[in-house]
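Dear colleague,

Please find below the structure that I am handing over to you. A short account of what was found in it comes after the sequence and the model.

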Amino acid sequence: MKFGVVIFPGSNCDQDIIYVLEKIMGQQVVQLWHKDHDLQDVDFVILPGGFSFGDYLRSGAIARFSPIMREVISFAAKGGYVWGICNGFQILAEAGLVPGALLHNQSRKFICNNIYLKSQTSNSMLTSQVDADKALKIPIAHGEGNFFADADTIKELNDREQVLFRYCDAGGNISSASNPNGSIENIAGVCNKNRNVFGMMPHPERAADSLLANEDGLAIFESILSFVKA
């Protein structure tokens, strides 16, 4: 499978995701600069974490207008797979490729910590092979990760199984105490109606190597590849 990782000024997780895809998962990866107009025939586009354009205005608000995003939006409209992680999720929300918005953390502080999350559906490329009973320990690092949407959108997300992950505690319990940023209904990740665009705030690429003493994030990468093989 050929992955394309988009790099914006201020991206800082691009090399992490490239390392996991190439060195651990054995996949082909191309780096796509934000000014490019060619996705190089990739099968899957990833928008990595970081601070695109310094997070001026709102996180992702400027990156959303980068030249390559026209190609990404067109790619997604044709059914192409797109995954945004942290700042990438914010960019997807700004571009209208996933529902909802990412607001400032409820604490109004930047949070960098390990959290736990649980898969909420097996009906997605990212979660089809993820154990729904297991709490995955995955790092977060964001100042604007508070997912919000209006009541009708939240109902639709739940009805259509578009909620991919929710924050929980180590025992898998979903509660306000296990919510690190104030996200509505503990939502940590969602997909679009067509189930080909995915956004999540936690960083599975930072929990996918034995050298880090945490490989919980590998389940998501393995799910993607298993979905393709199936």
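The notes below take the sheet, then the helices, then a patch on the surface.

Please bear in mind that this is a predicted model. Its sheet is open and has 9 strands, in the order β2-β1-β3-β4-β11-β10-β9-β6-β7, with mixed pairing. At the edges are β2 (28-33) and β7 (136-142), each of which pairs on one side only. From one strand to the next, the twist averages 25 degrees. Strands β10 (residues 187-191) and β11 (residues 197-200) are paired in the antiparallel sense over 3 bridges; Cys191 stands opposite Phe198 of β11.

Two helices may be described together with the sheet. Helix α1 lies across β1 (2-7), β2, β3 (44-47) and β4 (81-85), and runs at about 170 degrees to β1. Helix α5 (residues 218-229) also packs on the sheet, where it touches β1, β3, β4, β9 (163-168) and β11. The direction of α5 makes about 175 degrees with that of β4.

Helix α3 (residues 87-94) is mostly covered, with 7 of its 8 residues buried. Among them are Phe89, Ile91 and Leu92. Just after α3, Gly96 adopts a positive phi of about 75 degrees.

Finally, Tyr19, Ile24 and Leu211 make a nonpolar surface patch of about 310 Å². Ile24 belongs to helix α1 (residues 14-24). Is Ile24 buried or partly exposed? Ile24 counts as partly exposed, because its relative accessibility is 31%.

With kind regards

Conventions: Residues are numbered from 1 along each chain as its sequence is written. This is a predicted model: local features need pLDDT of at least 70, side-chain atom pairs count only at pLDDT 80 or more; totals for chains, interfaces and linings use all residues. Side-chain values use heavy atoms; hydrogens and water are left out. Buried means under 20% relative accessible area, exposed over 50%, partly exposed in between (1.4 Å probe, protein chains only). Helices (H or I, at least four residues) and strands (E, at least two) are DSSP runs, numbered from the N terminus. Patches are made of residues with over 30% relative accessible area and no salt bridge: like charges are joined within 9 Å, nonpolar side chains (Val, Leu, Ile, Met, Phe, Trp, Tyr) within 5 Å. Accessible areas come from the Shrake-Rupley method with a 1.4 Å probe; for residues, only the protein chains shown count as cover. A salt bridge is a side-chain nitrogen of Lys or Arg within 4 Å of a carboxyl oxygen of Asp or Glu. Two strands pair if DSSP finds at least two bridges between them. Axes are lines fitted to C-alpha atoms, for helices over the stretch in contact, and angles run from 0 to 180 degrees between N-to-C directions. Contact means heavy atoms within 4.5 Å.
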